[in-house]
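Open the model in your viewer and keep the selection tool at hand. The stops below go from one loop to the pocket, then along the helices.

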Amino acid sequence: DENQNLYYHYRNLIQEIKVMLTYEDAAHPNPGAFVISPDLIGAIQQDVVFGNDHNIRTMTIKVNEEITRAFQDENLSTSALPTFVNDLKGYFQSVNFLIHHVGECKIPFGYQQNVWAAGSARWVFEGAGEFNDPVSEAIEVADFMNDLELYTGDWKPDFIAFDRYERDCFGPAAVQNYAWTAKHWDKYLVFCKEIAERIGNAPIMLWQIPGGHMATTDEVLTNYSVSLHS
């Protein structure tokens, strides 16, 4: 219902694109890129899984009204604006169009997906009581994305970004779910590959890969126990 925020969102995005384009030169024909609204898609799916989505996929969103107002107030012509569906799918299509149109097709962009989108991140572990098969997990996520029509249409994104978790995986906030071995990384990469292929063979950006490390004997350890977590 907060359509004023949607209006600000469009204006902010337009202004960011305008600034980004000022960095274009012969050596930088693509002056920047966007990872769009990190965690949004994963959080929506997780809310659907847990029944907390408040019908976000079907509620009315005043896409056409607010993007038109934003274009007018940013002194952009509205003559090229398509008519979008006033719902979540239309919102995503409007963002895709805006970046393509205002960015003059010079700014690559993509949405981001989470390892925990279908419920939690514990599916990578054996016997976690969830999907342990990365392909099954990927199908659930890709089907959700395809239902939102994120990677369809004339303005579809250029890549998909996958997060893992940004914190040190040996730290107390991450160790239970994200202290992965090579076996778990293999599952995660299969998960990424399967999703990217199922949404139209989108190129993959691995993003938010943490700087976890093996602690050395001369480190000052204040955040976690080296004897338990390294």
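## Stop 1: the loop between H2 and H3

Start by selecting Asn55, which sits in the loop that connects H2 and H3. The model is a predicted one. Asn55 is not a glycine, yet its phi is positive, about 55°. With a relative accessibility of 52%, Asn55 counts as exposed, because the cut-off for that class is over 50%.

Next select Arg57, which is found in the loop between H2 and H3 as well. Is Arg57 buried, exposed or partly exposed? Its relative accessibility is 32%, so it counts as partly exposed. Now show what surrounds Arg57. Setting aside neighbours within four places in sequence, Arg57 is in contact with Val48, Leu88, Phe144, Asp147 and Leu148. Draw a distance from the C-alpha of Arg57 to that of Leu88: the two atoms are separated by 5.6 Å, while the residues are 31 apart along the chain. Keep Leu88 selected for the next stop.

## Stop 2: the largest pocket

Select Leu6, Ile56, Ile61, Leu88 and Tyr91. Of the 15 residues that line the largest pocket, these are the closest to its centre. The volume of this pocket is about 390 Å³.

Which helices each supply at least two residues of the lining? They are H1 (3–21), H2 (40–49) and H4 (88–102). H1 gives the largest share, three residues. Colour the lining by residue class and you should find eight nonpolar, four polar and three charged residues.

## Stop 3: Leu6

Zoom in on Leu6, a residue of helix H1 and one of those closest to the centre of the largest pocket. Leu6 is buried, with a relative accessible area of 11%; the cut-off for buried is under 20%. Not counting residues up to four places away in sequence, Leu6 touches Ile61, Lys62, Val63, Glu66 and Tyr91. Of these, pick Glu66 for a distance: Leu6 and Glu66 are 60 residues apart in sequence, and their C-alpha atoms are 6.6 Å apart in space.

## Stop 4: along H1

Widen the selection to the whole of H1. Its end C-alpha atoms are 27 Å apart, which agrees with the 27 Å that its 19 residues should span at 1.5 Å a residue.

Now highlight the buried residues of H1: Asn3, Leu6, Tyr7, Tyr10, Leu13, Ile14, Ile17, Met20 and Leu21. Turn the view to look down the helix axis. The buried residues fall within an arc of 160°, so they line one face of H1. To see what they pack against, show strand E1 (34–36), helix H3 (63–73) and H4.

## Stop 5: H3 and the residue after it

Move to H3, where Val63, Asn64, Glu66, Ile67, Ala70 and Phe71 are buried. The buried residues of H3 pack against H1 and H4. Val63 and Glu66 were already met as contacts of Leu6.

Just after H3, select Asn75, with its positive phi of about 60°. Asn75 lies in the loop between H3 and H4 and is exposed, with a relative accessible area of 72%.

## Stop 6: H7

Go on to helix H7, residues 182–198. H7 has 17 residues and reaches 24 Å from its first C-alpha to its last, close to the 24 Å expected at 1.5 Å a residue. Which residues of H7 are buried? They are His184, Lys187, Tyr188, Phe191, Cys192, Glu194, Ile195 and Ala196.

Show the partners of this buried set: strand E2 (109–113), helix H5 (134–147), strand E3 (159–162) and strand E4 (204–206). Then step past the end of the helix to Gly200, which follows H7 and has a positive phi near 115°.

## Stop 7: the whole chain

Clear the selection and colour by secondary structure. The chain has eight helices and four strands. Read from the N terminus, the elements run α-β-α-α-α-β-α-β-α-α-β-α. Of the 230 residues in the chain, 42% count as buried. Finally, take the contacts between residues at least 6 apart in sequence: 74% of them join residues at least 24 apart.

Technical notes:
Residues numbered from 1 in each chain as written. Predicted model: local features only at pLDDT ≥ 70, side-chain atom pairs only at ≥ 80, totals over all residues. Heavy atoms only, no water. 1 Å grid on protein atoms, 1.4 Å probe; cavity = no way out; pocket = protein on both sides within 12 Å on 5 of 7 lines; lining within 4 Å. Points joined across faces, edges and corners; volume = space filled by probe spheres on them. Nonpolar A, V, L, I, M, F, W, Y, C, P; charged D, E, K, R; others polar. Expected span 1.5 Å × (residues − 1). Buried < 20%, exposed > 50% of the residue type's maximum accessible area, 1.4 Å probe, protein only. Arc of directions from axis to C-beta. Contact = heavy atoms within 4.5 Å.
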